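Reader: I am new to this structure. Could you walk me through it?

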Amino acid sequence: MISVLQLGTQDYGTALTLQRKLVDLRKANEIGDVLLLLEHQQVITLGRNAQTANIVASPELLAQHGVEVIECDRGGDVTFHGPGQLVGYPIFDLRAFTTPEGERKTLGAIEFVRKMEESLIRTCADFRIAATRISKLTGVWTSPPNIESEPAKIAAIGIHISRAVTSHGFALNVNTDLSFFDLIIPCGLAAKPVTSIAREAGRPVSLDSVAESITRNFGHVFGRQVLWLESLDALLGTSVGVPMKVPTNLRKAFGDDEISWA
């Protein structure tokens, strides 16, 4: 079973704190596998392999656009999160999944990433967008109908794994303001353009409909039933009294008065 929580808009620090708490609970086997779906306010994040030179905007320009810069422990380089982008954080214990061939009972990191990519490729297909992988590049890319057109990145992926439990995940551009990507060299790939579902479809798309598609495809690809939950109460099996869209209460639910940054 994969439990899904749709959190609305959360600041990055709150979501990071929540992930860490849920990872600890998953390691202790006090909860099952969880997929968090949410949006962030404008933020640039630096993964473990990030080069600060890939932030091309000045601190003054970032401040003008209201963009924070935060370091974190996911893999990958520099990326942007913002409104209109659907972010997914799977908190999965990979020991609960077998490899496609059934050779091992623990899913490897690369296999986990490939399954996420496949889920996102199927989601793009649900909106009549042809998407694919590119060899040696993590993420999901559009698949242009002719060789003259260049593939564009529509979803970024960066993960962290500790004792077989995953955190961080994917960012799928839905109605994202793509001009924010001009502030960085996305994922350190200067020659690769970025796109969104809205740009490819030629119209805005409901984030709820994309969330439903992603959830369904995660269930199919990972071979699990999916259960939508209304609150942390339902996940934890105890009353914590937290409306899911209030970041302050998310902190209080876990006894955190301050955000801890990676």
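Reader: How many helices and strands does the protein chain have?
Author: Happy to help! This is a predicted model, where local features need pLDDT of at least 70, side-chain atom pairs count only at pLDDT 80 or more, and totals for chains, interfaces and linings use all residues. Residues are numbered from 1 along each chain as its sequence is written, and side-chain values use heavy atoms, with hydrogens and water left out. Helices (H or I, at least four residues) and strands (E, at least two) are DSSP runs numbered from the N terminus, and the protein chain has 7 helices and 11 strands.

Reader: What percentage of the protein chain counts as buried?
Author: A residue is buried when its relative accessible area is under 20% (1.4 Å probe, protein chains only). Among the 262 residues of the protein chain, the buried share is 51%.

Reader: Which strand gives the largest share of the lining of the largest cavity?
Author: A cavity is a set of points on a 1 Å grid over the protein atoms alone where a 1.4 Å probe fits but cannot get out, and its lining residues have an atom within 4 Å of a point. The largest cavity has 13 lining residues, with Thr79, Lys153, Ala156, Asn173 and Phe181 nearest its centre. Two or more lining residues come from each of strand 5 (78-81), strand 9 (153-162) and strand 10 (165-173). The largest share, 4 residues, belongs to strand 9.

Conventions
On a 1 Å grid over the protein atoms alone, a cavity is a set of points where a 1.4 Å probe fits but cannot get out, and a pocket is an open set with protein on both sides within 12 Å along at least five of seven lines; lining residues have an atom within 4 Å of a point. Buried means under 20% relative accessible area, exposed over 50%, partly exposed in between (1.4 Å probe, protein chains only).
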